[in-house]
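Q: Hi! Could you take a close look at one part of this structure with me, and walk me through how it packs against its surroundings?

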Amino acid sequence: MLRSYTAADALTIGNAACGTMSMFLCLNYLVTTDSRLLWGAFGLLPAALACDMLDGYVARLSVRRQSRLGADLDSLADVISFGVAPAILGFTLGLRGGWDMVILTYFVVCGVSRLARFNVTAATLADAATGKVKYFEGTPIPTSIAIVAMLCAAFVLGRVGDAFWFGSIRIGPALLHPLTLVYGVSGSAMISATLRIPKP
């Protein structure tokens with residue numbers, strides 16, 4: 001199987017590897033509290049984004065070398081790096097209330113659903129002349145890098161854990177950090193059927 005990978009596929013695997021390593025560093029940070037691990041976790045997600053942007057560019061360089069695996073491989077990698085990894089990062093920094101976990105799960109599920117919808121509808125959304133998809137339905141999942149940037153700023157400013165902006169509130173049996181609602185808004189934007197983003 002590895003022999004069938006194109007250069008674009010290798011970049012996509014790099015995307016998935018960066019996201020996976022970011023999660024491992026988050027888990028290790030929870031055990032050791034070594035801030036260098038968390039900096040590594042932050043840094044790997046922009047690296048995943050770079051791989052994600054480059055794989056499409058490289059794939060378009062040679063139509064004959066485009067992989068049939070490419071689209072599905074890209075979606076699976078994006079779920080890891082821009083869905084699960086940002087959710088794990090939020091949990092690591094202190095978004096651990098019961099309602100926080102529900103919203104983080106919702107965010108990941110929205111990302112999975114958004115990517116599945118794109119794969120199914122890509123052919124019908126494609127321009128007849130060029131074969132290129134003209135727009136995204138809902139925001140692309142890599143936009144979650146904005147949440148990663150927000151969390152990085154919170155970490156730098158020491159506004160994590162109990163010091164998160166907007167604090168925490170108890171709703172029924174569980175805690176909610178209102179900051180987690182950013183994930184909920186992002187997830188909802190991803191699955192929107194009316195929000196259309198031009199595809200570069």
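A: Happy to; what follows is a look at helix H5 and its neighbours, and then at a few individual residues.

A word on the ground rules: this is a predicted model, where local features need pLDDT of at least 70 and side-chain atom pairs count only at pLDDT 80 or more, while totals for chains, interfaces and linings use all residues. Residues are numbered from 1 along each chain as its sequence is written, and side-chain values use heavy atoms, leaving out hydrogens and water.

Two packed helices are described by the angle between their axes and the distance between the axes. The axes here are lines fitted to C-alpha atoms, for helices over the stretch in contact, with angles running from 0 to 180 degrees between N-to-C directions. Helices (H or I, at least four residues) and strands (E, at least two) are DSSP runs numbered from the N terminus.

Helix H5 covers residues 145-156, and helix H3 (residues 70-93) packs against it at about 20 degrees, the axes being 10 Å apart. That makes the pair roughly parallel (angles under 35 degrees count as roughly parallel, over 145 as roughly antiparallel, 65 to 115 as roughly perpendicular and the rest as oblique). Their crossing is left-handed, a term for a near helix turned anticlockwise from the far one by less than a right angle, clockwise being right-handed. Pro-86, Leu-89, Gly-90 and Leu-93 of H3 meet Val-148, Leu-151 and Phe-155 of H5, where contact means heavy atoms within 4.5 Å. By class, this H3-H5 contact has six nonpolar residues, one polar and no charged; Ala, Val, Leu, Ile, Met, Phe, Trp, Tyr, Cys and Pro count as nonpolar, Asp, Glu, Lys and Arg as charged, and the others, Gly among them, as polar.

H2 packs against H5 at about 155 degrees, with the axes 11 Å apart, so these two are roughly antiparallel. H2 also passes H5 in a left-handed crossing. From H2, Ser-35, Leu-38, Trp-39, Phe-42, Leu-45, Pro-46 and Leu-49 take part, meeting Ile-145, Val-148, Leu-151, Cys-152, Phe-155 and Val-156 of H5. The residues of this H2-H5 contact comprise twelve nonpolar, one polar and no charged.

Helix H6 (residues 181-190) lies at about 170 degrees to H5, with axes 11 Å apart, and the two are therefore roughly antiparallel. Ile-147, Met-150 and Leu-151 of H5 make this contact with Val-182, Tyr-183 and Ser-186 of H6. Five of the residues in the H5-H6 contact are nonpolar, one is polar and none is charged.

Back in H3, where Ser-81 is found, there is a polar detail to enjoy. Ser-81 counts as buried because its relative accessibility is 1% (buried means under 20% relative accessible area, exposed over 50%, partly exposed in between, with a 1.4 Å probe and protein chains only). Leaving aside residues up to four places away in sequence, Ser-81 touches Asn-15, Ala-16, Gly-19, Leu-45, Ala-48 and Pro-86. Asn-15 sits in helix H1 (residues 7-32) and is buried at 0% relative accessibility. Asn-15 and Ser-81 are 66 residues apart in sequence, yet 6.8 Å apart in space, C-alpha to C-alpha.

Finally, past H5, Phe-166 lies in the loop leading to strand S2 (169-171). Phe-166 has a positive phi of about 75 degrees although it is not a glycine, and with a relative accessible area of 66% it is exposed.
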